[in-house]
Amino acid sequence: MATEANPYAMPSPVQPSASRTETVKNALSRWGRRVGEATRKAEDLSRNTWQHLRTAPSIREAAVGRIAQGTKVLAEGGHDKIFRQAFSAPPDEQLRKSYACYLSTSAGPVMGILYLSTARVAFCSDSPLSYEAGGGRQEWSYYKVAIPLHRLRSASPSASKQRPAEKFIQLVSLDRHEFWLMGFVNYDSAVKHLQEALSGFHHLQA
């Protein structure tokens, strides 16, 4: 009501209604779920990053290598350009995703990037690796793997029974060649998009 000090002021107290209380509770509940989801993702990323570094023979070398790869990506204009140069991708082939990981080889895990495009799954090592050439000569080359999607039978997730934090993705070609990938920084995303790409491609071919 108006007061003598200010005849124009009209206080109007509002009692919280049941519907407003419910609105606040619902908003807090949604916020809590989002915080919980963000916390879970941060914990997963932290665990995966640590596992990624531990996969290499030297954690220090792995960290330095990952920094070097990030610098290379920035200098050369992104993963898309690196992918196209490494695998001579035609203009109509589009890169969908790229993931930092390791490829299991007879010489041990090789650090690199897994590329998922509209036509293939490919891996390229971050650095050249040495190998014995003819005549006792030592040469250097990037370690590359490329499987066309129409030649890919499956992309299966798995984990070590002794160490559940160690997660893998097994790629199997139609002619039964197997490739094991590990140490993913974004493991769940890699599994999801690989399986979606494979399922979608097979659906189109059916």
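Strands here are DSSP runs of E, at least two residues long, numbered from the N terminus. By that numbering, S160 sits in the loop between β7 and β8. The model is predicted. This briefing covers the sheet, then the helix that packs on it, then S160.

**The sheet**
- Seven strands make an open sheet: the sheet has 7 strands in the order β6-β3-β2-β1-β9-β8-β7.
- The pairing is antiparallel.
- Two strands lie at the edges, β6 (144–148) and β7 (152–159), and each pairs on one side only.
- From one strand to the next, the twist averages 30 degrees.
- In general, strands of a sheet pair through backbone hydrogen bonds.

**The β8 and β9 pair**
- β8 covers residues 167–173, and β9 covers residues 178–182.
- The two strands pair in the antiparallel sense over 5 bridges.
- F168 has M182 in β9 as its bridge partner.

**The helix on the sheet**
- Helix α3 (residues 79–87) packs on the sheet.
- The helix touches β1 (95–105), β2 (108–117), β3 (120–125) and β6.
- The directions of α3 and β3 make an angle of about 90 degrees.

**S160 in its loop**
- S160 has 16% relative accessibility, so it counts as buried; the cut-off for buried is under 20%.
- A polar atom of the S160 side chain lies 3.3 Å from the backbone nitrogen of Q162.
- The S160 side chain also reaches the backbone nitrogen of R163, at 3.1 Å.
- Leaving out residues up to four places away in sequence, S160 touches E166 and F168.

Key:
Residues numbered from 1 in each chain as written. Predicted model: local features only at pLDDT ≥ 70, side-chain atom pairs only at ≥ 80, totals over all residues. Heavy atoms only, no water. Pairing = 2+ DSSP bridges. Helix = DSSP H or I, 4+ residues; strand = E, 2+ residues; numbered from the N terminus. Axes fitted to C-alpha atoms, helices over the stretch in contact; angles between N-to-C directions. Contact = heavy atoms within 4.5 Å. Buried < 20%, exposed > 50% of the residue type's maximum accessible area, 1.4 Å probe, protein only. Polar contact = N/O pair within 3.5 Å; in protein donor to acceptor, adjacent residues only side chain to side chain.
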